[in-house]
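Work through the exercises below with the sequence and the model open side by side. Each task is followed by its solution.

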Amino acid sequence: MAETIRAFIAIELSGQIKETIRNFQERLKPLGCDVSWVKPENAHLTLKFLGDVKIKMIPSVTETLANSCRDLRFFETALTRPGVFPGLRHPRVVWIGLDDTEGKLGQLAGSLETALGDIGFRKEKRDFRAHITVGRIRTLKNITQLCDAIKGFTVPSSIKQSVGQITLFKSTLTPQGPVYEPLSQSRPG
Ligand code: 2AM
């Protein structure tokens, strides 16, 4: 049997961003919705979900990340606003956005997509949207209250996130929720 691990590539978030996520969730939790909230300490910005990866592929994934990072120049982004995917009519995921008006996050995700495609990873069909998932909606219980509260929440514009490193994570699904473990980190060369 091929040994695999579930893996993804992400940007780790600052303590200040995690604190904002915690505050946002604390505002929404009393609404009594049926949402599985992401633990703030687990929150991240996913650049590429790899799924089940053969362990023997991990060194070439790490090398691909290092190569993609060579063109990465340190930059800053900031939290924008919260929202839901795919839209208010069928909300499934609660998120907070990250500013990508300059397209740098999209370019980074795109270059990873291309480089990982070259070593056999399936291309993501959906367009990249710079977001942090903060909750997954299980049922539509009290959904109107949830959507109204999300629309009414203003994220302080001063909350910045620096992007100068990408992390390959191992994800282990447990009954208590996913456990994420960094396997390697790549920085600009
Ligand atoms: P997202 O919800 O932030 O978009 C780790 O599981 C991360 O991989 C998740 O935070 C999720 O990012 C992303 N991901 C993308 N596709 C996924 C899938 N099919 N199953 C699980 N996670 C996926």
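**Exercise 1.** Classify N142 as buried, partly exposed or exposed, and describe its backbone.

Solution. Step 1: the relative accessible area of N142 is 30%. Step 2: buried means under 20% relative accessible area, exposed over 50%, and partly exposed in between (1.4 Å probe, protein chains only). N142 is therefore partly exposed. Step 3: N142 sits in the loop between β6 (131-137) and α4 (143-152); helices (H or I, at least four residues) and strands (E, at least two) are DSSP runs, numbered from the N terminus. Step 4: the phi of N142 is positive, about 55°, although the residue is not a glycine.

The model is a predicted one, in which local features need pLDDT of at least 70 and side-chain atom pairs count only at pLDDT 80 or more, while totals for chains, interfaces and linings use all residues. Residues are numbered from 1 along each chain as its sequence is written, and side-chain values use heavy atoms, with hydrogens and water left out.

**Exercise 2.** Which isomer is the peptide bond from F85 to P86, cis or trans?

Solution. Step 1: omega for this bond, from F85 to P86, is near -10°. Step 2: the bond is cis. Step 3: P86 belongs to the loop between β4 (75-85) and β5 (93-98). As background to both exercises so far, most residues other than glycine have a negative phi, and most peptide bonds are trans.

**Exercise 3.** Describe the surroundings of the ligand.

Solution. Step 1, the shell: R6, F8, H44, T46, F49, H131, T133, R136 and Y180 surround the ligand, where a residue is near a molecule if one of its heavy atoms lies within 4 Å of it. Step 2, classes: the shell has 3 nonpolar, 4 polar and 2 charged residues. Here Ala, Val, Leu, Ile, Met, Phe, Trp, Tyr, Cys and Pro count as nonpolar, Asp, Glu, Lys and Arg as charged, and the others, Gly among them, as polar. Step 3, strands: β1 (4-12), β3 (44-54) and β6 each supply at least two shell residues.

Step 4, polar side-chain atoms: one in H44 lies 2.9 Å from an oxygen atom of the ligand. For H131, an N or O atom of the side chain is 2.8 Å from a ligand oxygen, and for T133 the distance is 2.8 Å. Step 5, area: taken alone the ligand exposes 470 Å², of which the protein buries 70%.

**Exercise 4.** For I150, D71, R6 and R22, give the location, the accessibility class and one C-alpha distance.

Solution. Step 1: I150 lies in helix α4 and is buried, at 4% relative accessible area. I150 and W95 are 55 residues apart in sequence and 9.4 Å apart in space, C-alpha to C-alpha.

Step 2: D71 is in the loop between α2 (58-69) and β4. D71 counts as exposed, because its relative accessibility is 67%. The C-alpha atoms of D71 and S111, 40 residues apart along the chain, are separated by 9.5 Å.

Step 3: R6 lies in strand β1 and is partly exposed at 29% relative accessibility. Its C-alpha atom is separated by 21 Å from that of L108, 102 residues apart along the chain.

Step 4: R22 is found in helix α1 (residues 15-28). R22 is partly exposed, with 35% relative accessible area, and R22 and L112 are 90 residues apart in sequence and 29 Å apart in space, C-alpha to C-alpha.

Methods. A polar contact is a pair of N or O atoms within 3.5 Å; within protein, one must be able to donate a hydrogen and the other to accept it, and residues adjacent in sequence count only if both atoms are side-chain atoms. Accessible areas come from the Shrake-Rupley method with a 1.4 Å probe; for residues, only the protein chains shown count as cover.
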